[in-house]
Amino acid sequence: MQRRPLGRSGLVVSEICMGTMTFGSQCDEPTSFAIMDRAFEAGIDFFDAAELYPVPPNAETVGVTEEIVGRWMKTKPRDQVLIASKITGPGHGWFRPPVRGGVTAIDRHQIIRCCDQSLRRLGTDYIDLYQTHWPDHFMRYEDTLGALTELKQAGKVRAIGCSNETSWGVMKSLWQAEKHGTMRYDTVQNNFSLINRRCENELAQVCRQEDVALLPYSPLGGGVLTGKYNDQNPPGGRFTGYLEKGEPRQQRMAQRFVNPRTIETTRRLKAIADDIGVSLTALAVAWSKQHDFVASTIIGATTIGQLNESLPAADLVLDQETLDRIDAIDVEIPNPMTEDGLRRL
C-alpha cells in the first residue's frame, strides 16, 4: 500500500482510506471490527468518520459510528492509525441534520463543542484530520478557520479539511487563511468517480496549484460502478430502497446515481475491466487513486467480501491505453450523473 501526503499538513496516509458511514446501521459492531481489521492488515492506516454517521442519519444513531471506531482503535497502536472525522454543516435544503436540533452553523461555538463530543466518542485526545462536512457559506471563512486553528493549538486536531465544497469555497478559504494567519484546509473530500468526473475540471486545478489533497468519496458511484444495478435494482441495495420507498429527496438523490446514462457507462466500463482481467470494482478504485491531485480514495464496505473486491486496486496501475478507452466513454456520455449537489450551494 503506497502512502501520500495530505496537502502541506505533514501527515502521510495510505492511498486507500476506509470509510465507515455504514458502521452501526448496515454493519453491526462485530462486522465493523472485522472490516477495519482486514483493512488495517492490508496496509490501510486512514479511517474516515463523521459525527453524523451512520447513514441514513437519524437522531437515534448519530455518533454511533464514532463510538464503534473508537472502541476498535483501542485494539491498535494509536500512532499507527490516522482518524478523520467531520462536524456537520448546513443541510442546504437536502435535509435537516438530526444534530443539535438542526442548528448546524459552523461557528466557533459549534466547532469547539462538536470536536469535544467527537473526541469523547472516539476515545482519543486528538483527531488527525478534522473536516467541515458541508460548507457554511453564511459564515465568514476566517471565523470558521479561526476556531479550527484554536483546536490545532490546543492539540485536539492535527490538520483540517473540508467536504462537499465548491472550487470557489476552497479558494476563498485559502485566501482568508493567508490573510488572517490561520490554518488552511489541506484536504477537500468530494464525490468523484467514473460517473462523476467534475472534479477533473476546476477543482483539480485548485488542488494542484494550491497543494490541497482531494479525498474522493463514493469511487464506486454508490455501488453503481460494481455493476449490480445493470440489469435490475438489487434487493437490499441502498438506492433500491430510496427509489422504491424513499422520500422525494432520497428518490432524487438515487436518480442522480441510477439512470440510463450511468448504467450504460457502467456496462461499457465492464467490458474494459473484462479485457484487462480485473473486476469493475478494482478498475473504478484504481482509476480514482491514479490522479495526481488525489491523496487517498475513500472506499466503503458492508461485508469483508465487498472490501476484498476493492483491495486489489492498491497494486493496480492502469496503462495509457486503458485510460484512453475510459476517456472515450466520457466523451460519448459526458457527466452521466445529472448533477453532484454542489450547484445548490
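1. A residue is called buried here when its relative accessible area is under 20%. By that cut-off, buried residues make up 57% of the 345 residues in the protein chain. Please keep in mind, as you read on, that this is a predicted model.

2. Let me start with the overall picture. The protein chain has 12 helices and 10 strands. Its radius of gyration is 19 Å, close to the 20 Å that the globule rule gives for 345 residues, so the chain is as compact as a globular protein of that length. The C-alpha trace spans about 55 × 45 × 40 Å along its principal axes. About 14200 Å² of the protein chain is exposed, and carbon and sulfur atoms supply 49% of that area. If we take contacts between residues at least 6 apart in sequence, 78% join residues at least 24 apart.

3. Next comes the sheet. Eight strands form an open sheet with parallel pairing, in the order 9-8-7-6-5-4-3-10. Strand 9 (213-214) and strand 10 (297-299) stand at the edges with a single partner strand each, so one side of each has no neighbour in the sheet. At the strand 9 end, two bridges pair this strand with strand 8 (residues 185-189) in the parallel sense. There, T187 stands opposite A213 of strand 9.

4. Strand 5 (residues 82-87) deserves a closer look. How many of its six residues are buried? Six of the six are, which leaves the strand mostly covered. In a regular strand the side chains alternate between the two faces of the sheet. Here both faces are covered, with L82, A84 and K86 buried on one side and I83, S85 and I87 buried on the other.

5. Now the partners of strand 5. Strand 4 (residues 46-48) runs parallel to strand 5 and is joined to it by three bridges. Between these two strands the chain passes through helix 2 (residues 64-73), in a right-handed β-α-β crossover. One of the bridge pairs matches D48 with A84 of strand 5. Strand 6 (residues 127-132) is also parallel to strand 5, and four bridges join the two. Within strand 6, T132 is the bridge partner of I87. Together with helix 3 (residues 108-122), strands 5 and 6 make a right-handed β-α-β unit.

6. On to the interior. In soluble globular proteins, nonpolar side chains tend to be buried together. The largest nonpolar core in this model has 86 residues, and M18, F47, Y130, L214, F239 and L269 have the most contacts inside it. Helix 10 (residues 280-289) gives the largest share of this core, seven residues. Leaving aside neighbours within four places in sequence, F47 is in contact with residues including M18, M36, F40, W72, L82 and I83. Apart from this core lies another, of 13 residues, with F46, A84, L129 and I298 among them.

7. The loop between strand 4 and helix 2 is worth a stop in your viewer. A49 is placed in this loop, and at 1% relative accessibility, under the 20% cut-off, A49 counts as buried. Beyond its neighbours within four places in sequence, A49 is in contact with T20, E66, A84, S85 and K86. From A49 to A59, 10 residues further along the chain, the C-alpha separation is 17 Å. Two cis peptide bonds also belong on your checklist. The bond from Y53 to P54 is cis, with omega near 15°, and P54 lies in the loop between strand 4 and helix 2. A second cis bond joins V55 and P56, with omega about -5°, and P56 is in the loop between strand 4 and helix 2 as well.

8. Two residues other than glycine have a positive phi. R100, in the loop between strand 5 and helix 3, has a phi of about 50°. Is R100 buried or exposed? With a relative accessible area of 18%, R100 is buried. D211 has a phi near 55° and is found in the loop between helix 6 (202-210) and strand 9. At 38% relative accessibility, D211 counts as partly exposed.

9. One last arginine to inspect is R256, in helix 8 (residues 248-257). R256 is buried, with a relative accessible area of 8%. Leaving aside neighbours within four places in sequence, R256 is in contact with W94, T262, P336, M337, T338, E339, D340 and G341.

Definitions and conventions
Residues numbered from 1 in each chain as written. Predicted model: local features only at pLDDT ≥ 70, side-chain atom pairs only at ≥ 80, totals over all residues. Heavy atoms only, no water. Buried < 20%, exposed > 50% of the residue type's maximum accessible area, 1.4 Å probe, protein only. Pairing = 2+ DSSP bridges. Right-handed = clockwise from strand over helix to strand, strands pointing away. Core = buried A, V, L, I, M, F, W, Y, C linked by side-chain atoms within 4.5 Å. Contact = heavy atoms within 4.5 Å. Rg over C-alpha atoms; globule rule 2.2 N^0.38 Å. Areas by Shrake-Rupley, 256 points an atom, 1.4 Å probe, with all protein chains shown as cover.
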